Amino acid sequence: MRLFVVNGPNLNLLGRRESGFYGTFSLADLETKIRGHVGDRAELAFFQSNNEGEIIGYLQNLKESDRLILNAASLTHTSIGIRDALAAVKVPFVEVHISNVYAREEFRHKSYLSAIAAGVIVGLGAEGYLLAADYFLRAGTGQ
Ligand code: DQA
């Protein structure tokens, strides 16, 4: 199974960004943690961008047989383009948010992506990515 982990705007600032919401781990720490957890059970690829068009371009290259863990960050709440790309390539994905978006501002309660996600994990910090990976690694949900 090819398992992609895509992070959106400002997640490159993890570790020095609002630690009350996002903890103190960096994006590199997060990647190390996911790699350690998944091991050789999947072929992992990581991508982060602050640019909506770059994310859409990256997602367009995914296949239905791939699996995706997606934290689109602020673009979750605004991007019809990311949703359309996901719908076009039909890649099964889990939407992850490090913070509990429902305990925050109302504009974070709306996701353009959730309706077409396999599932959504919010508020569990870095653990959310590991749980999403576990979901895909379980028999029946992975490739
Ligand atoms: C986030 C939540 C979003 O509302 C926010 O814009 C982010 C990160 C999270 O992981 O909690 O940048 O997706």
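Five helices and five strands make up the protein chain in this predicted model. Read from the N terminus, the elements follow the order β-α-α-β-α-β-α-β-β-α. The radius of gyration is 14 Å, close to the 15 Å given by the globule rule for 143 residues, so the chain is as compact as a globular protein of that length. A ligand is bound to the protein, which buries 99% of the 330 Å² that the ligand exposes when taken alone.

**Overall fold**

- The C-alpha trace of the protein chain spans about 35 × 30 × 25 Å along its principal axes.
- Of the 143 residues in the chain, 45% count as buried.
- Among contacts with a separation of 6 or more, 75% join residues that lie 24 or more positions apart.
- The accessible surface of the protein chain comes to about 6,900 Å². Carbon and sulfur atoms account for 48% of this surface.

**Ligand surroundings**

- The shell around the ligand divides into five nonpolar, five polar and two charged residues.
- The nonpolar members of the shell are Pro 9, Tyr 22, Ala 73, Ile 98 and Val 101.
- Asn 71, Ser 74, His 77, His 97 and Ser 99 are the polar members, and Arg 17 and Arg 108 are the charged ones.

**Polar atoms close to ligand oxygens**

- In the side chain of His 77, an N or O atom is 2.7 Å from an oxygen atom of the ligand.
- Ile 98 places a polar backbone atom 2.8 Å from an oxygen atom of the ligand.
- For Ser 74, a backbone N or O atom lies 3.2 Å from a ligand oxygen atom.

**Asn 7 and its contacts**

- Asn 7 is found in strand E1, which comprises residues 2-7.
- The relative accessible area of Asn 7 is 2%, and this residue is therefore buried, the limit being under 20%.
- A polar contact of 2.6 Å links the side chain of Asn 7 to the side chain of Tyr 129.
- Leaving aside neighbours within four places in sequence, Asn 7 is in contact with Leu 27, Leu 30, Phe 47, Gln 48, Ser 49, Ile 55, Asn 71 and Tyr 129.
- One of these contact partners, Asn 71, is also among the residues around the ligand.

How values were computed. Residues are numbered from 1 along each chain as its sequence is written. This is a predicted model: local features need pLDDT of at least 70, side-chain atom pairs count only at pLDDT 80 or more; totals for chains, interfaces and linings use all residues. Side-chain values use heavy atoms; hydrogens and water are left out. A residue is near a molecule or strand if one of its heavy atoms lies within 4 Å of it. A polar contact is a pair of N or O atoms within 3.5 Å; within protein, one must be able to donate a hydrogen and the other to accept it, and residues adjacent in sequence count only if both atoms are side-chain atoms. Accessible areas come from the Shrake-Rupley method with a 1.4 Å probe; for residues, only the protein chains shown count as cover. Helices (H or I, at least four residues) and strands (E, at least two) are DSSP runs, numbered from the N terminus. Buried means under 20% relative accessible area, exposed over 50%, partly exposed in between (1.4 Å probe, protein chains only). Contact means heavy atoms within 4.5 Å. The radius of gyration is taken over C-alpha atoms; the globule rule is 2.2 Å times the number of residues to the power 0.38.
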